[in-house]
Structure formats: C-alpha cells, structure tokens
Amino acid sequence: MMGTTKFRQAALALGVTVMLAGCAGPNPRDPYEGYNRAMFEFNDTVDTYALKPAATVYKNVTPGFVQTGVSNFFGNLGDAWTAINQLLQGNGQAGMSDLSRFALNSTLGIVGLFDIASEAGLPKHKEDFGQTLGVWGVSSGPYLVLPLLGPSTVRDTFALPVDISGDIWRYKDPTNVRNMGTALRVIDTRAGLLDASTLLEDAALDRYEFLRDGYLQRRESLIHPDGDGPSSKPKKDDSGETSAPVSSESAPKELNSGTPAAKPDSQ
Amino acid sequence: MNFIKQFIALATVALAFNAHATAAPANEAPDALVKRISQDVIDTAKNDKAIQAGDTKKVMDLVETKILPYVDFQRMTSLAAGRFWREATPEQQKALTEQFRSLLVFTYSGALSQVKDQTIEFKPLRADPTDTEVEVRSQVNQARGEPIPLNYRVAKGPQGWKIYDINVLGAWLVETYKGTFASEISKGGMDGLIKALTEKNKKLASKPLKTNAPK
C-alpha cells in the first residue's frame, strides 16, 4: 500500500511538472512564475481563512508547555529521518549525533515530549531527501510552489514522496488518530510562524518574490553550508556591473581574493 | 515555512548586531565589532519593557542610535539595485537609499521587539588581518528548534568597519531584495521602484509596530 501511495505521489509530481512545461516567465530560476503565483495566491487564501485563524487560537489558548511538547514530539519523529539523510549524505558524525538525539529524546525524553538532547549538547538539525539529492549533485531545477505545501523546487518535489515515506507519523494507527495528529502538527507549525508572517508582510514589496528569492538561497545554503560550495555567493555584481562606490564616504573596497565572500557565484 | 519566521525574527537579531554607536575603538576587529553591537542591542531589547511591549518610538531609537552608524546603506542599496544603480541619477540614488533604509529600519524594529530568550554564538573569523572585506559568522541559539545561522559581510572604509549585507538562515538580504528591485524597475523604472518603496514605508509608518498577539 505504501508502494502504491508513493507511486501515486510520484505520478502527481510528474504530472505537475509536465503541466508546467507550458508556461514561461522572465526569471531563469522561476520559469513557471504564472502557475507559481496562482498557487501562492491559493495557498495564501487557505492560510488567511483557515490555517492562520486556527493557529492563532491554538497559540492563544493552549498552555505554553503543551505547545512545546507538541513541537518536540513531532520534531523528534523528524530527527530520525534527518539522521538517515545525514548518513546518506556521508555526514557520519552529524548522523550519529542525530541518532543519539532520537534515542535519547524517545526514551528519557518520554516519546520526544522533552528535548533533553538539545540541553545535553546535541543540537537539532534538519535534513530531508531533497537536500540529500543536492549533496549528491542533483541541481535544484526551477522554483515550484506546491499546493498547500508552499515553496519547493522540482528536485525537492521529486524527493517529496521519499520524505513522506520516511515520516514515522504516517505509519501511525489507527487512521483517525493519525489524521488528528497531522492536523495538530500543521497547526502547531503554523503557530510558530505567526510573528514571522507579520514581518514578512512588512519587509516585502512583493511577498511572492521575496519568499522565492529567500527560499532558493536558503535551500542552496543548506546543501552547501559554510560557503564551501556554489552557494557561497559573493556579490556577483561587484565584478563589474554594480556596486560602484558612489559616495565619497565609501571609498573603493576591493574584494580580496582571500575573503570568504570572494568565490565565484553559481547562480 | 519555518524559514520565514526565522528569517525575519532573525533579521531582528541581525540588526541587533549593531549596538554601541558611541566610542568604537579605532582598531577593533570586525568580528569584535559585530559581537559588541549584537550583545548590546540584544541586552537592551531584552531588558527594556517598553521595547518588549512594542513601543515603536523606543525601538526605532534603539535602531537609529546603536545600529545605523555601523551600516553602509549606500553600498547595500547599490548592490541590491545591481546594474540599475549606475544608470540612475544621483538624485534617484539618494532617494532609493533613503527609502530602502527606512524600510529596513521598520522591518528590523518589528523584529527587534520579538527578541526573547535567544543567545548568539560567534564562530572563529576566517580572514587575514590585511583583509578589507570579511564575513563574520554567528548563530542564534533558541530555546527550541535548530540554531539559526546569522552572518554579516563587513567592509573596512575610512570610518572603520561597516556592515553591508546580512545573511539570515542562508539568505543574503541584498540578494533577496535584488529580484524585487529588478522586477519593480522593469515595471516602472527606477522612479517606479522609489515610489513603491515610499508607499510601502508610508503604510508601515501609519501602522502600529506590534501587530501580533502578546505572548
């Protein structure tokens, strides 16, 4: 049954991709902008009328320690999948650390309700299969906004069925408990983002673009942390077209090639 | 999606980097500078009841006095505008810088009022003493969730080190605004972009800083 679901999801992802092949936009990283914007609007509407109000109530009504417990519980389930991906990426040390987190929090942390591993000095990480593919050298492909799930890329969309099958909670029985848990998980996640979405509203002229441009950089940096890969983007424009120091006060500041910021940009 | 929350909440702290406008030692190392400012701003934000309550004026004051002196807005703006910067008239450049600066101040002020129990940890600086551009790396540790990476690009000018770009959660501020700038310019030219920013700022100025439910 799991196989069928996976197949269905893969087929869906493929279908979406093919469907998108028609549209084209000006931004090379976002050729499906027309579709993406429509989906962004759709998600935004769902959020405004359903998810955000529910999350606001949840945040205002539920005691803080319950919210922390809920976050920790689902976060702990995620740690197991993160550990596997760490190992797939060849990060032995981080993988073992995440496995220990999962073991520690699942037992002494009472099925993950308490995140004692963080206090014990094992920091939380988050790795998914899209990142693993990225580490293996698969490029992200165009930006893609998924229904209800939000920002993604073509690569990460193909990785999604694998991530879904790696999610422990989806094997929870009985079904009604699983569904209620999933709803709770979604609401809890959204509640954690309430402040941020207000700020996004403030910071962005165009929320769609702002989110897209930030998201793509973020994913890149997760795959190549510490600027050791193509993600370390110096200001490409410094090399010629931009950034002429204009005012008298900012005297020419050349890039030293030894600077961390001075690596070639890939985007 | 978690990314957005943290991106912005951290932009706060990011700006929090710059605390002490007064008395900067002349030869302070860039990472020491960022560290000093961060600590100062965070401590102030955490301990000031008015700021925690979302007092707009107090937050803006904090940003103006402790952070702004260490930020090179001109450079930040020119980088975000990309090639369009050089095509712009000096007046347009000035107006654009001013509006972009206001937008960032509003945003950071909003984020600053959300600083609660975070602590900042700095990573060793990887640079030569002769470098005039360095990247200062840090991370923000929170009570729950993963640590959030927070990096700064700092350049040495006649007035000492100044920050000209901030990276929150892997996304550089300048790079993130670059797309927005380019598309506004393609719609209405440089003046269109300035106008859009001005209107945005007017809206932000007329609304209360803190619109979230109190925690």
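The following dialogue looks at a few strands, a core and a helix in a predicted model.

Local features here need pLDDT of at least 70, side-chain atom pairs count only at pLDDT 80 or more, and totals for chains, interfaces and linings use all residues. Residues are numbered from 1 along each chain as its sequence is written, and chains are lettered from A, with ligands numbered from 1, in the order in which they are written.

User: What makes strand E1 and strand E2 of chain A a pair?

Analyst: Two strands pair if DSSP finds at least two bridges between them, and strands are DSSP runs (E, at least two residues) numbered from the N terminus. Four bridges join E1(A), residues 143–146, to E2(A), residues 150–153, so the definition is met. The two run antiparallel, and Val145(A) has Pro151(A) as its bridge partner in E2(A).

User: Why are strands E1 and E5 of chain B said to stand at the edges?

Analyst: The open sheet has the order E1-E2-E3-E4-E5 in chain B. E1(B) and E5(B) each have a single partner strand, so one side of each is left without a neighbour in the sheet.

User: Why are Ile187(A) and Asp188(A) placed on the same side of H8(A) as Arg190(A) and Ala191(A)?

Analyst: These four residues of helix H8(A), a DSSP run (H or I, at least four residues), are buried, meaning that 20 or more other C-beta atoms lie within 10 Å of their own. They cover an arc (of the directions from the helix axis to the C-beta atoms) of only 165 degrees, which puts them on the same side. The face turned away carries Thr175(A) and Asn179(A), which are exposed, a word used for 12 or fewer such atoms, with partly exposed in between.
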